[in-house]
Amino acid sequence: MQPKYPSDSLTTLTDIVLPGETNPLNNLFGGELLARMDRAGSITARRHSRRICVTASVNHVAFNRAIPLGSVVTVEAKVSRTFKTSMEIFIDVWIEDRETGIKSKANEAIYTFVAVDETGTPVAVPPVEPQTELEKLRFEAALRRKQLSLVLAGKMKPHEATELKALFIE
Ligand SMILES: CC(=O)SCCNC(=O)CCNC(=O)[C@H](O)C(C)(C)COP(=O)(O)OP(=O)(O)OC[C@H]1O[C@@H](n2cnc3c(N)ncnc32)[C@H](O)[C@@H]1OP(=O)(O)O
């Protein structure tokens with residue numbers, strides 16, 4: 001299969017935070033942000049693979065900054081690495097200052113999607129070729145994140161997670 005660039009399937013969703021989407025502190029509810037990230041990530045996975053894609057795992061989420069009511073929130077989803085049938089999608093979340101328009105990073109997350117056929121059976125996806133320095137860094141680290149996710153899900157034995165183990169051995 002022909003490799004694709006991360007920019008080929010980049011998805012950017014911009015939306016405002018409405019009163020029904022906030023917690024008692026008037027900040028964006030975490031579950032609402034997870035849903036927005038899942039939507040953006042699944043569109044990226046579908047654009048990359050041109051297949052039906054399902055969320056296999058949420059590997060990491062960092063709610064670093066609260067997002068206040070009325071904020072304009074941009075969710076950016078990019079393929080960071082592909083394996084056989086799965087795709088790691090990196091999500092960056094930005095909020096935009098109302099007066100200056102300057103965007104600052106609020107949160108990030110890493111999701112895994114799997115491409116499937118009409119019966120739900122996993123199918124192969126095209127490789128991804130990172131271009132920028134950040135894309136290359138995220139690509140390099142993705143295998144150990146996959147191994148960690150599989151170990152935590154009980155789908156890989158810890159001793160098989162060679163890339164992950166190498167992190168802890170000088
Ligand atoms: C967009 C949405 O919200 S969809 C709705 C929510 N999601 C769902 O309903 C998905 C339900 N789950 C499923 O359908 C299945 O468990 C699947 C398709 C995700 C995986 O099916 P499995 O039978 O486990 O297939 P299999 O073992 O071949 O794994 C398929 C790939 O997923 C990867 N995978 C499975 N679980 C995980 C996990 N927890 N973390 C990382 N990767 C995983 C496997 O490593 C494999 O990757 P590879 O082919 O690239 O090496």
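**Close-ups of the ligand shell and a salt bridge**

Strand β2 gives the ligand shell its largest share, five residues. This is a predicted model, so read the views below as computed pictures.

**View 1. The shell around the ligand.** In all, 19 residues surround the ligand. K84, T85, S86, K146 and S149 are the closest of them. Sorted by class, the shell holds eight nonpolar residues, seven polar ones and four charged ones.

**View 2. Polar contacts to the ligand, and who supplies the shell.** What does K146 place 2.8 Å from an oxygen atom of the ligand? A polar side-chain atom does the job there. With K84, the partner is a backbone N or O atom, again lying 2.8 Å from a ligand oxygen atom. T55 also joins in through its backbone: one of its polar backbone atoms sits 3.0 Å from a nitrogen atom of the ligand. On its own the ligand has 1,000 Å² of accessible area, and the protein covers 59% of that. Four elements each give two or more residues to the shell: helix α1 (30-49), strand β2 (52-62), strand β5 (103-116) and helix α2 (133-152).

**View 3. A salt bridge between a loop and helix α1.** Here the side chains of E21 and R36 come together, N to O, at 3.0 Å. Which parts of the chain does this pair link? E21 belongs to the loop between β1 (11-16) and α1, while R36 is in helix α1 itself, so to speak a link between distant parts of the chain, 15 residues apart. Zooming out, the structure holds seven salt bridges.

**View 4. The annotated domain.** The UniProt record, an unreviewed entry, lists residues 7-119 as "domain: HotDog ACOT-type". Over that stretch, strand accounts for 47% of the chain and helix for 18%. The C-alpha atoms at the two ends of the stretch are 29 Å apart.

**View 5. How confident the predictor is.** For the protein chain, the mean pLDDT comes to 96, and 99% of the residues reach 70 or more. For the complex, the predictor gives an ipTM of 0.95 and a pTM of 0.95. As a reading tip, predicted coordinates should not be read in detail where pLDDT is low.

How values were computed
Residues numbered from 1 in each chain as written. Predicted model: local features only at pLDDT ≥ 70, side-chain atom pairs only at ≥ 80, totals over all residues. Heavy atoms only, no water. pLDDT = per-residue confidence, 0-100. UniProt positions renumbered as here; feature names shortened; annotations may be inferred. Near = heavy atom within 4 Å. Polar contact = N/O pair within 3.5 Å; in protein donor to acceptor, adjacent residues only side chain to side chain. Areas by Shrake-Rupley, 256 points an atom, 1.4 Å probe, with all protein chains shown as cover. Nonpolar A, V, L, I, M, F, W, Y, C, P; charged D, E, K, R; others polar. Salt bridge = Lys/Arg side-chain N within 4 Å of Asp/Glu carboxyl O.
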